[in-house]
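This briefing is intended for a reader at the bench who wishes to work through the fold and its interior. The sequence and the structure are shown first.

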Amino acid sequence: MADSGPNDPENPEVAGSNPYPPDFAGPAPKQPPENDGNSPQEGPADSSGNSAVDIDLSKLSSTMVFSEVYYMMTSPEQYMGKSVKAEGTFQVYQDPGTKKNYYAVVIADATACCQQGLEFIWNGEHTYPDDYPEQESEIEITGVFQSYQEEGSTYYYLLVDEVKPV
């Protein structure tokens, strides 16, 4: 009988498991480094001229932005109250039970196989679909990272003042 390796379907340790690694295998990312003034994503070094933006995801590569958004969702305390700028695809998700709409900018990784969404709430009076961009269109948002409680769970979002087409 041959030795049972980690990819052997008869190995009881892996029977019924997916042979592919999970989307986010490995240890959690480390805390972002302190801004040294040379970072393209933070503070006064933001090349858009908008010094009010703490984290500019639009200046990062697709791999880095995907990683940063993942980190925002797994370590939200590091981002609370910070101004974040992001570009991605506009999506609307409707809760089938409550019929409430949730709006997000969806950011894909470099190979477009994995996506991470950032929910946003548009400050002011806006009606969907009249005031919102077309689904699947590219948008840019800048907002403050915050949280809310709903049905016993905590959700994170950007409170934005403007949703711009790209």
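The points below cover the overall fold, strand pairing, the nonpolar core, aromatic pairs and cysteines.

The structure is a predicted model. Its chain has 166 residues, of which 34% are buried. One helix and six strands make up the secondary structure, and their order from the N terminus is β-α-β-β-β-β-β.

**Overall fold and surface**

- Contacts that span long stretches of sequence are well represented: of those in the chain between residues at least 6 apart, 53% join residues at least 24 apart.
- The exposed area of the chain is about 10,400 Å², and carbon and sulfur atoms contribute 49% of that area.

**Strand pairing**

- Strands β2 and β5 run antiparallel and are joined by seven bridges.
- Within this pairing, the residue that faces V84 is G143 of β5.
- Strand β5 also pairs with β6, again in the antiparallel sense, over eleven bridges.
- V144 has L159 of β6 as its bridge partner.
- The hairpin of β5 and β6 has two residues between its strands, and E151 in this hairpin adopts a positive phi near 50 degrees.

**Nonpolar core**

- In soluble globular proteins, nonpolar side chains tend to be buried together.
- The largest nonpolar core of this model holds 25 residues, and those touching the most other members are L57, M72, L118, F120, I141 and L158.
- Two or more residues of this core come from each of the elements α1 (62-74), β2, β3, β4 (115-122), β5 (138-150) and β6 (153-165).
- L118 illustrates how parts distant in sequence meet: beyond its neighbours within four places in sequence, L118 contacts L57, V69, M72, M73, A86, Y103, A104, V105 and L158.

**Aromatic pairs**

- The whole structure contains 13 aromatic pairs.
- One of these pairs joins Y71 and Y79 in an edge-to-face arrangement, with 5.9 Å centre to centre and 75 degrees between the planes.
- Both Y71 and Y79 are buried.
- F90 and Y103 form a stacked pair, at 6.3 Å centre to centre and with 10 degrees between the planes.
- Because F90 belongs to strand β2 (residues 83-94) and Y103 to strand β3 (residues 101-108), this pair ties together parts that are 13 residues apart in sequence.
- F90 is buried at 0% relative accessibility, and Y103 is buried with a relative accessible area of 12%.
- F90 and Y103 also belong to one aromatic cluster, together with F120, W122, Y128 and Y132.

**Cysteines**

- A disulfide is a covalent bond between the sulfur atoms of two cysteines.
- Zero disulfides are found in a search of the whole structure.
- For C113, the nearest cysteine sulfur belongs to C114 and is 3.2 Å away, and C113 is in no disulfide.
- C114 is likewise in no disulfide, its nearest cysteine sulfur being that of C113 at 3.2 Å.
- The criterion for a disulfide is a pair of cysteine sulfur atoms within 2.5 Å, so the 3.2 Å between the sulfurs of C113 and C114 does not satisfy it.
- C113 is exposed, at a relative accessible area of 56%, whereas C114 is buried, at 17%.

Note on methods
Residues are numbered from 1 along each chain as its sequence is written. This is a predicted model: local features need pLDDT of at least 70, side-chain atom pairs count only at pLDDT 80 or more; totals for chains, interfaces and linings use all residues. Side-chain values use heavy atoms; hydrogens and water are left out. Buried means under 20% relative accessible area, exposed over 50%, partly exposed in between (1.4 Å probe, protein chains only). Rings of Phe, Tyr and Trp (its six-membered ring) pair if their centres lie within 6.5 Å; planes under 30 degrees apart count as stacked, over 60 as edge-to-face and the rest as tilted. Helices (H or I, at least four residues) and strands (E, at least two) are DSSP runs, numbered from the N terminus. A nonpolar core is a set of buried Ala, Val, Leu, Ile, Met, Phe, Trp, Tyr and Cys residues joined through side-chain atoms within 4.5 Å. Contact means heavy atoms within 4.5 Å. Accessible areas come from the Shrake-Rupley method with a 1.4 Å probe; for residues, only the protein chains shown count as cover. Two strands pair if DSSP finds at least two bridges between them.
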